[in-house]
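Please open the structure in your viewer and keep the selection tool at hand. The tour moves from one selection to the next and says at each stop what can be found there.

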Amino acid sequence: MYSDIQDVLYSEEQIQGKIQELGEQLSKDYEGKNPLVICVLKGAFIFMADLVKQIKVPLELDFMAVSSYGQSTKSSGVVKIIKDLDVPVEGRHILIVEDIIDSGLTLSYLIDVLERRNAKTISVVALFNKPARRTVELEPDYAGYVLPDEFVVGYGLDYAEKYRNLPFIGILKPEIYST
Ligand SMILES: O=P(O)(O)OC[C@H]1O[C@H](OP(=O)(O)OP(=O)(O)O)[C@H](O)[C@@H]1O
Ligand SMILES: [Mg+2]
């Protein structure tokens, strides 16, 4: 598994440091708001777990599973809800937790869904951001690292469901997905 990685972009320690910074900012901004923090499964599961431990104000959380990449390194362009939220979002302060924004299609779809359900506010925290690949205009309210235009895996992100358990984020060797 480790030999399939071309370059490690950010180590486990660097990622944890960034998450602590994000948590401090979010703790200030969500004081007294009891946000509903939504994890976008599967990719964001590790980030969500590490992030909420760094947010020091009361919050609730829920999970939504969506998918558009399947077994590919390119978005299919069609975002499917595989598991919906358990609780209503009407009147709630929503914080969407995403691992990565690439084309922006997943998040623009989700934001649209939550707006139609009358959330009070909707903000996005994304650990990784690949602005070079955007096909729809979208910027996270809280952002971790900007990544180069390469297919990356680890820290929750997969290629064909593999590599999610790597503790760092790295570039996958192109020969792995082009063979
Ligand atoms: O900005 P985009 O181009 O839409 O890409 C970002 C989304 O793609 C990945 O999810 P994927 O659809 O692969 O599902 P997964 O989280 O289960 O891996 C990733 O976890 C983000 O949710
Ligand atoms: Mg994926």
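The stops below begin with confidence and then turn to the annotated span, the ligand, the core and some backbone details.

**Confidence**

Before selecting anything, keep in mind that this is a predicted model, and colour the protein chain by pLDDT, where the mean is 96 and 100% of the residues reach 70 or more. For the complex, the predictor gives an ipTM of 0.97 together with a pTM of 0.96.

**The annotated span**

Select residues 10-159, which UniProt, in an unreviewed entry, marks with the feature "domain: Phosphoribosyltransferase". The C-alpha atoms at the two ends of this span lie 18 Å apart, and the span is 25% helix and 29% strand.

**Around ligand 1**

Next, centre the view on ligand 1 and show the 17 residues around it, of which G43, Y69, D102, S103 and T106 come nearest. Two elements, β5 (93-101) and α3 (105-116), each give two or more residues to this shell, and the element that gives the most is β5, with four residues. If you colour the shell by class, you should find five nonpolar, seven polar and five charged residues.

**The nonpolar core**

Now leave the ligand and turn to the largest nonpolar core, which has 45 residues; select I38, I94, I96, V97, V152 and I169, the members with the most contacts inside it. Which residues does I96 touch, leaving aside those up to four places away in sequence? The answer is I38, V40, L107, L110, I122 and V124.

**Helix α2**

Select residues 45-52, which form helix α2, and display the side chains of I46, F47, M48 and L51, since these are buried. The buried residues of α2 pack against α1 (12-29), β2 (36-41), β5 and β6 (121-129), so hold these elements in view with the helix while you turn the model.

**L36 in strand β2**

Staying with β2, select L36, which lies in this strand. L36 counts as buried because it has 21 C-beta neighbours inside 10 Å. Leaving out residues up to four places away in sequence, L36 touches E60, D62, V87, V89, R92, H93 and I94. For a sense of distance, draw a line from L36 to S103: these two residues are 67 apart in sequence, and their C-alpha atoms are 25 Å apart in space. S103 is already familiar as one of the residues that come nearest to ligand 1.

**Backbone details**

The last stops concern the backbone, and a general point helps in reading them: most residues other than glycine have a negative phi, and most peptide bonds are trans. Select L41 and K42, where the peptide bond from the former to the latter is cis, with omega near -5°; K42 itself is placed in the loop between β2 and α2.

Then go to the loop between β8 (152-153) and β9 (169-172), where E161 lies. Phi of E161 is near 75°, a positive value in a residue other than glycine. Y163 is also found in the loop between β8 and β9, and it too is not a glycine, yet has a positive phi of about 80°.

Is each of these two residues buried or exposed? E161 is exposed, because it has 9 other C-beta atoms within 10 Å, whereas Y163 counts as buried, because it has 22 C-beta neighbours inside 10 Å.

Key. Residues are numbered from 1 along each chain as its sequence is written. Chains are lettered from A and ligands numbered from 1 in the order in which they are written. A nonpolar core is a set of buried Ala, Val, Leu, Ile, Met, Phe, Trp, Tyr and Cys residues joined through C-beta atoms within 7 Å. A residue is buried if 20 or more other C-beta atoms lie within 10 Å of its own, exposed if 12 or fewer, and partly exposed in between; C-beta atoms are placed from the backbone. Two residues are in contact if their C-beta atoms, placed from the backbone, lie within 7 Å. A residue is near a molecule or strand if its C-beta atom, placed from the backbone, lies within 6 Å of it. Ala, Val, Leu, Ile, Met, Phe, Trp, Tyr, Cys and Pro count as nonpolar, Asp, Glu, Lys and Arg as charged, and the others, Gly among them, as polar. UniProt positions are given in the numbering used here, feature names are shortened, and annotations may be inferred rather than shown by experiment. pLDDT is the predictor's confidence in each residue, from 0 to 100.
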